[in-house]
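Reader: I am in my first year and would like to look closely at a single part of a protein, slowly and with its surroundings. Could you take me through it once the structure is in view?

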Amino acid sequence: MSDPHPIPLTESEVLIRGFLAANPDLDASLGPIEVMTDRYTNEEWAAQIQETEKAVMREVESGARARKLYDGPKMRNGKEALRQLALTVDHTVLKLDANSKAIDGLCSEARTEEFKSVCVRLNYVQRCVSNLKGSPVLVACVVGFHEGTQDTYSKLREARAAVAAGAAELDVVLNHSLLTVHNPPVTPEHVLSSKDSAIDSITAANTAKNASSSDLGDEIPDYSAIYRELASIRSLCPHPVVLKLILETSQLTDHQILAASHLAAAANFDFIKTSTGFNGHGATLPHVQLMVAAAEYLAATGVGRSKMQVKASGGVRSLETAIKMLEAGAERLGTSSGLWIMQEARTKVGEERGNQEGERPPQTRLYTDDSVAGDY
Ligand SMILES: O=C[C@H](O)COP(=O)(O)O
């Protein structure tokens, strides 16, 4: 029999075809698949990323980016501001010990507050979809959470399963270890001074170990492998599925954040998102500014089909932080403190309007631990 594919398949194509062959039942639900190819070598990606970095850093270092303010919800606008704010919130529960009751609570709060979405792990997607039937609240599911180091095939399987269960949005964790593999060693002081959980210290210690075992500081990271993974997920989860790439910015240098942003845009992701909330610090203002600058530059130079949005997540636990992130250009907030933020917003609206509209929600429950909002 003659070869049905006379042109050699790219690695993305092989991965996607392999996935479809192993999952024939998923095929019908996929819709038209545009198989995205591997496109460039690592050196070619590196050259493009360098251009992006030069342009974006020029703007950031001049101070122009930090001065740029976007329209956030203005509390003096009362209910309209509350509505706008709520529509930026992905109401999130990702703790492993979350139970069905917490998930049901999350959904009913999201309905009441009219949040944009609930963001959960795969095992709760179906439950959320059924809880939220008939409401505009979307269901978002994390993929590769929270390390991002799972192999591409398992991320594809997870992503497809989430879509099949009714998820409208996928928050995919970048395999950031592919970017940081050649980082210089992290100092033991850094590991010890980490204010993060024990798990983060282990991650940091491993990163340090990996970094010190290689002496490859000048090597180009495997950009092709990152692009291949993102392009495969995009191919198998076409629009209207919204794809967000969680960069885990606490683990990355500015250069690496820009490289990841560039690859996400090239693979037609819809959002770049700062953090999982489980590894290192969460969203910081400078990182959000950097990512917004990157998204704008990449759109202006035609990388990707449309402009990526930025989601600030991890440690967004107060109205003040939420508004700062939105004014820096973030368009979505990933937070487990959505109720608290809305409560603060209602109080503020009440204050700014002579207490006319200062009603409070019936309950305020945090889905986070008791740690203080990060001074990021
Ligand atoms: O994506 C969202 C984060 O996991 C939420 O983090 P947070 O619990 O610090 O709000």
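In which helix does Ala86 lie, and what can be said about its surroundings there?

Author: Please keep in mind that this is a predicted model. Ala86 lies in helix H5, which spans residues 79-86. Its relative accessibility is 1%, and because residues under 20% are classed as buried, Ala86 counts as buried.

Ala86 belongs to a group within its helix, for the buried residues of H5 are Ala81, Leu82, Leu85 and Ala86. These residues cover an arc of only 130° around the axis, and therefore they sit on the same side of H5. A general point about helices helps here: an α-helix has 3.6 residues a turn, so residues three or four places apart point the same way.

The next step is to ask what lies over that side. The cover on the buried residues of H5 includes strand E1, helix H6, helix H15 (319-327) and helix H16 (338-352). For Ala86 itself, once neighbours within four places in sequence are left aside, the residues in contact are Glu113, Glu114, Phe115, Lys116 and Met342. With Met342 the separation along the chain is 256 residues, yet the two C-alpha atoms are 7.3 Å apart. For the chain as a whole, among contacts with a separation of 6 or more, 75% are between residues 24 or more positions apart.

Two of the covering elements, E1 and H6, lead on to the sheet. Eight strands close into a barrel in the order E1-E2-E3-E4-E5-E6-E7-E8, with parallel pairing; neighbouring strands of this sheet are turned by 25° against each other on average, direction ignored. Strand E1 (residues 89-92) runs parallel to strand E2 (residues 117-120), and three bridges join them. Within this pair, Thr92 stands opposite Cys119 in E2. Helix H6 (residues 100-113) packs on the sheet and touches both E1 and E2, its direction making about 160° with that of E2.

Finally, a wider view places this part within the chain, whose secondary structure comes to 16 helices and eight strands. Of its 376 residues, 52% count as buried. The largest nonpolar core has 94 residues, of which Leu170, Leu247 and Val288 touch the most other members. Apart from that core lies another, of seven residues, among them Leu94, Cys119, Val173 and Ile246. The chain exposes about 17,200 Å², of which carbon and sulfur atoms supply 53%.

Terms used. Residues are numbered from 1 along each chain as its sequence is written. This is a predicted model: local features need pLDDT of at least 70, side-chain atom pairs count only at pLDDT 80 or more; totals for chains, interfaces and linings use all residues. Side-chain values use heavy atoms; hydrogens and water are left out. A nonpolar core is a set of buried Ala, Val, Leu, Ile, Met, Phe, Trp, Tyr and Cys residues joined through side-chain atoms within 4.5 Å. Buried means under 20% relative accessible area, exposed over 50%, partly exposed in between (1.4 Å probe, protein chains only). Two strands pair if DSSP finds at least two bridges between them. Helices (H or I, at least four residues) and strands (E, at least two) are DSSP runs, numbered from the N terminus. Axes are lines fitted to C-alpha atoms, for helices over the stretch in contact, and angles run from 0 to 180 degrees between N-to-C directions. Contact means heavy atoms within 4.5 Å. Accessible areas come from the Shrake-Rupley method with a 1.4 Å probe; for residues, only the protein chains shown count as cover. The arc is that of the directions from the helix axis to the C-beta atoms.
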